[in-house]
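This report looks at how one protein chain is put together, with attention to the contact between its domains, its charged pairs and a few individual residues. Please keep the sequence and the structure at hand while reading.

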Amino acid sequence: MPERILIHNADYIYNLAGVSPNSPPQDILIEGNIIAAIGPKLDEKFGDVKTHIDATNKLVFPGFINTHHHLFQAFMRHVPQMQNQRIDQWIAEATSRAKKMDPEAHYWAALSNMAELVLSGATTTTDMLYLYPNQYDHQELFEATIEAAKTIGVRFHPYRGSMSRRDGLFEKDVLEESEKIIEHTRDIVDKFHQKAGDAMVKVGIAPCTIFTNCAYDYEQAAALAIRYDINLQTHLGESKFETRYVLEKYGMTPYQLMESLGWKDSRVSLAHCIEINDEDIDRLAQNHNSVSHCPTSNARSPIGQTGVAPIAKMLQKGVNVSIGVDGSAGNDSSDMLFEMRAARTNQGIPEESTYLDPEQIFYMATEGGAKALRWESNIGRVEQGYCADITIFDIHDSIGHIGAWDKAGSLISCSSKRAETVIINGEIIVSEGRLTKIEERQLIKKATTKWKEAFGK
Ligand SMILES: [Zn+2]
């Protein structure tokens with residue numbers, strides 16, 4: 001029989017349908033990697049439980065889902081030269097640094113970012129690795145991130161990113177031939193993509209942006225996505241530079257261009273969408289595309305743009321919105337609670353909108369994320385039959401939460417807090433606020449040594 005974990009006496013479970021605040025505390029029974037039952041006093045019905053977790057007065061959530069990241073950028077945190085650049089110059093800075101990162105550096109950078117994500121309650125993360133310098137084996141670069149996910153035990157949805165456009169904006173030795181990108185994408189889908197609902201690795205495709213990739217890459221990615229039944233992602237509406245570039249070259253908006261290239265179904269998630277007009281938001285909703293909202297990196301966007309995506313408007317129009325922490329050269333942190341807090345508060349900046357409700361943010365970070373990855377039948381809910389991806393917070397020992405009236409809401413308005421327990425696919429990955437599969441001091445030591453070696457620090 002599969003091993004059993006019993007989460008006992010939970011009086012707050014986010015999204016547990018039909019349970020009012022006055023209902024008796026619930027138990028959650030995990031069998032193997034699945035949530036087998038939810039109900040009061042399950043300890044009296046089911047014996048042979050290996051691990052008991054007391055959830056009295058704690059907050060139980062479906063594990064958070066991070067829908068946009070560039071994991072390698074853990075080694076590019078707070079680079080002074082990248083703080084206030086135009087987007088094309090910023091990419092050029094990232095590119096010159098990426099050329100110094102071998103597969104081992106990618107492994108330690110990915111592991112560092114994944115560890116931070118998991119400690120902030122994430123159980124699934126995406127990645128978009130778009131820089132494949134010529135001097136390294138591309139398969140080894142991609143595989144390093146898969147190895148990191150296995151080491152820490154996080155559910156992983158990497159997108160095979162790319163850059164190919166040869167019009168002088170970027171250095172040639174990081175640009176790939178379109179046919180090679182397609183070939184490598186096929187190889188990694190064959191090797192790593194798992195179709196099952198409880199998969200630990202699913203692969204997608206992601207041309208980086210329309211000014212780093214040619215239109216052909218987008219058309220081919222859309223065709224591959226249908227053929228292999230996988231997901232698509234790209235950066236869209238991130239800067240005025242991009243809007244001008246597409247308008248001059250193609251005579252349409254970036255979103256209209258995406259539609260014309262076949263990017264118009266639920267496989268598509270678009271990171272940022274700051275520079276997007278009302279008609280395009282309508283089309284986004286009609287096409288069932290998702291938006292990966294990255295509020296912190298949006299806010300630090302280059303000079304001359306708003307920095308706040310019109311998320312409240314998108315929600316009103318029925319667009320599925322999820323949360324992405326984005327790469328650590330654009331955000332510097334991979335903390336899901338921090339990003340959820342930014343998603344809530346940044347909507348208070350435009351005149352016509354105000355703070356979002358915590359419920360809206362929790363939805364984005366759980367079911368919204370699952371929907372963006374077309375994984376909503378298996379992850380994103382604490383519900384019988386779903387994968388056992390569960391995060392538990394305890395705020396009672398936190399100075400930063402004294403006096404909070406709405407305990408759950410305080411998670412994204414008061415201080416950020418380490419998750420007390422994180423369970424992924426039925427395995428306890430964080431216990432009492434510490435990683436279980438990695439020794440944290442060793443991770444810091446080894447990752448820092450590799451960072452110094454890569455950049456001569
Ligand atoms: Zn990004």
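What follows takes up the domains and their interface, then the salt bridges, and then three single residues.

**Domains and their interface**

The coordinates belong to a predicted model, and every value below was computed from it. Two domains are assigned to the chain: domain 1 is made of two segments, 4–62 and 381–435, while domain 2 is the single stretch 64–372. Taken over C-alpha atoms, the centre of domain 1 lies 30 Å from the centre of domain 2. Where the two meet, 32 residues on the domain 1 side are in contact with 29 residues on the domain 2 side.

About 2300 Å² is buried between domain 1 and domain 2, and carbon and sulfur atoms give 63% of that area. Within the area that domain 1 buries against domain 2, a share of 29% is supplied by Tyr14, Ile412 and Ile424, which is more than any other three residues supply.

The interface also has a polar component, with 11 residue pairs in polar contact between domain 1 and domain 2, counted where both residues have pLDDT 80 or more. Several elements each supply at least two residues to the side of domain 1 that touches domain 2, namely the strands β5 (59–62), β14 (390–393), β15 (421–424) and β16 (427–431), together with the helix α14 (407–410). By residue class, that side of domain 1 divides into 18 nonpolar, 9 polar and 5 charged residues. Across the interface of domain 1 and domain 2 there are 2 salt bridges.

**Salt bridges**

Side chains of opposite charge can pair when their charged atoms come close. In this model the count comes to 29 salt bridges, and four of the pairs are set out here with the distance between nitrogen and oxygen.

| Pair | N to O distance |
|---|---|
| Arginine 155 and aspartate 389 | 2.8 Å |
| Glutamate 171 and lysine 99 | 2.2 Å |
| Lysine 417 and aspartate 397 | 3.5 Å |
| Glutamate 453 and lysine 450 | 2.8 Å |

What does the salt bridge between glutamate 171 and lysine 99 tie together? Glutamate 171 sits in the loop between β8 (155–162) and α5 (178–192), and lysine 99 in the loop between α2 (87–98) and α3 (103–119), so the pair ties together parts that are 72 residues apart in sequence. Glutamate 171 is partly exposed, at 36% relative accessible area, whereas lysine 99 counts as buried, at 16%.

The pair of lysine 417 and aspartate 397 also joins two loops: lysine 417 lies between α14 and β15, and aspartate 397 lies between β14 and α14, so parts that are 20 residues apart in sequence are tied together. Lysine 417 is buried, with a relative accessible area of 19%, a value that falls under the 20% limit for that class, while aspartate 397 is exposed, with 60%.

Glutamate 453 and lysine 450, by contrast, belong to one element: they are 3 residues apart in helix α15 (residues 440–455), a separation of about one helical turn. Glutamate 453 counts as exposed, at 56% relative accessibility, and lysine 450 as buried, at 4%. Both of these residues take part in a network of salt bridges that links Asp102, Glu104, Lys450 and Glu453.

**Three single residues**

Isoleucine 35 is placed in strand β3 (residues 34–39). Is isoleucine 35 buried or exposed? With a relative accessible area of 0%, isoleucine 35 is buried. Leaving aside neighbours within four places in sequence, the residues in contact with isoleucine 35 include Ile28, Leu29, Val382, Tyr386, Cys387 and Ile390.

The other two residues are noted for their backbone. Most residues other than glycine have a negative phi. Histidine 288, in the loop between α9 (278–286) and β12 (290–293), has a positive phi near 60°, and this histidine 288 is exposed, with a relative accessible area of 58%. Arginine 374 has a positive phi of about 50° although it is not a glycine; arginine 374 is found in the loop between α13 (358–372) and β14, where arginine 374 is partly exposed, at 31% relative accessible area.

Methods. Residues numbered from 1 in each chain as written. Predicted model: local features only at pLDDT ≥ 70, side-chain atom pairs only at ≥ 80, totals over all residues. Heavy atoms only, no water. Domains from an automatic or database assignment. Contact = heavy atoms within 4.5 Å. Buried area = accessible area lost by both parts, 1.4 Å probe. Salt bridge = Lys/Arg side-chain N within 4 Å of Asp/Glu carboxyl O. Polar contact = N/O pair within 3.5 Å; in protein donor to acceptor, adjacent residues only side chain to side chain. Helix = DSSP H or I, 4+ residues; strand = E, 2+ residues; numbered from the N terminus. Nonpolar A, V, L, I, M, F, W, Y, C, P; charged D, E, K, R; others polar. Buried < 20%, exposed > 50% of the residue type's maximum accessible area, 1.4 Å probe, protein only.
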